[in-house]
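Here is a short briefing on strand pairing and ring contacts. Please read it with the coordinates open.

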Amino acid sequence: QVQLVESGGGSVQPGGSLRLSCAASGSILSIVTMGWYRQAPGKQRELVAIVTSSGNTDYADSVKGRFTISRDNAKNTVYLQMNSLEPEDTAVYFCNMLVITMTIRYPYAYWGQGTQVTVSS
């Protein structure tokens with residue numbers, strides 16, 4: 001079993017910054033991808049950013065140039081640095097990891113509990 005614990009959400013004014021963290025624990029052999037998704041009220045969950053085990057990254061067009069995803073493999077942790085935040089970034093942010101464990105020897109998706117990010121003046 002793998003647990004993902006998120007931290008770093010909160011409220012900020014437009015133009016502000018926040019940094020999200022998500023740490024994985026459990027019987028982890030490797031983590032294939034680490035990513036962040038978000039879901040705003042009344043909308044579907046969408047991919048925000050993803051980073052592979054080799055360090056390749058991809059971003060939603062709406063956050064390119066403002067958000068940066070990074071990972072610390074030694075700590076099984078993924079970060080999302082969010083700058084120049086806009087009201088449209090308001091959502092619950094979920095981390096997601098594709099993890100290979102001792103008991104599930106193929107990439108299996110795990111989700112964090114979600115953390116609220118609110119951008120408002």
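**Strands and rings in brief**

Ser-11 faces Thr-118, a residue of strand β11, as its opposite number. The model is predicted. Two themes follow: how the strands pair, and what the aromatic rings contact.

**Strand β11 and its partners**

- Strand β11 covers residues 115-119.
- β2, residues 10-12, is joined to β11 by 3 bridges, and the two strands run parallel.
- β9, residues 91-101, is also joined to β11 by 3 bridges, but here the strands run antiparallel.
- Ala-91 has Val-117 of β11 as its bridge partner.
- The two faces of β11 differ in cover: Thr-115, Val-117 and Val-119 make up the covered face.
- Gln-116 and Thr-118 make up the uncovered face.
- Thr-118, the residue opposite Ser-11, is therefore on the uncovered face of β11, while Val-117, the partner of Ala-91, is on the covered one.
- In general, strands of a sheet pair through backbone hydrogen bonds, in either a parallel or an antiparallel sense.

**The four-stranded sheet**

- An open sheet holds 4 strands in the order β1-β3-β8-β7, and its pairing is antiparallel.
- β1 (2-7) and β7 (67-72) are the edge strands, each pairing on one side only.
- From one strand to the next, the twist averages 15 degrees.
- The edge strand β7 pairs with β8, residues 77-82, through 6 bridges in the antiparallel sense.
- Within that pairing, Ile-69 stands opposite Leu-80 of β8.

**Aromatic pairs**

- The whole structure contains 2 aromatic pairs, according to the search.
- One of them joins Tyr-108 and Tyr-110, with 5.1 Å between ring centres and 65 degrees between planes.
- Why is this pair edge-to-face? Its planes are 65 degrees apart, and an angle over 60 counts as edge-to-face.
- Are Tyr-108 and Tyr-110 buried or exposed? Tyr-108 is partly exposed, because its relative accessibility is 38% and the class lies between 20% and 50%.
- Tyr-110 is buried because its relative accessible area is 8%, under the 20% limit.

**Charges over rings**

- Arg-19 places its charged end over the ring of Tyr-79, 4.1 Å from the ring centre.
- Tyr-79 falls within the residue range of β8, 77-82.
- Arg-45 lies over the face of Trp-111, and the distance to the ring centre is 4.7 Å.

Terms used. Residues are numbered from 1 along each chain as its sequence is written. This is a predicted model: local features need pLDDT of at least 70, side-chain atom pairs count only at pLDDT 80 or more; totals for chains, interfaces and linings use all residues. Side-chain values use heavy atoms; hydrogens and water are left out. Rings of Phe, Tyr and Trp (its six-membered ring) pair if their centres lie within 6.5 Å; planes under 30 degrees apart count as stacked, over 60 as edge-to-face and the rest as tilted. Buried means under 20% relative accessible area, exposed over 50%, partly exposed in between (1.4 Å probe, protein chains only). A charge sits over a ring if NZ of Lys or CZ of Arg is within 6 Å of the ring centre and within 35 degrees of the ring normal. Two strands pair if DSSP finds at least two bridges between them. Axes are lines fitted to C-alpha atoms, for helices over the stretch in contact, and angles run from 0 to 180 degrees between N-to-C directions.
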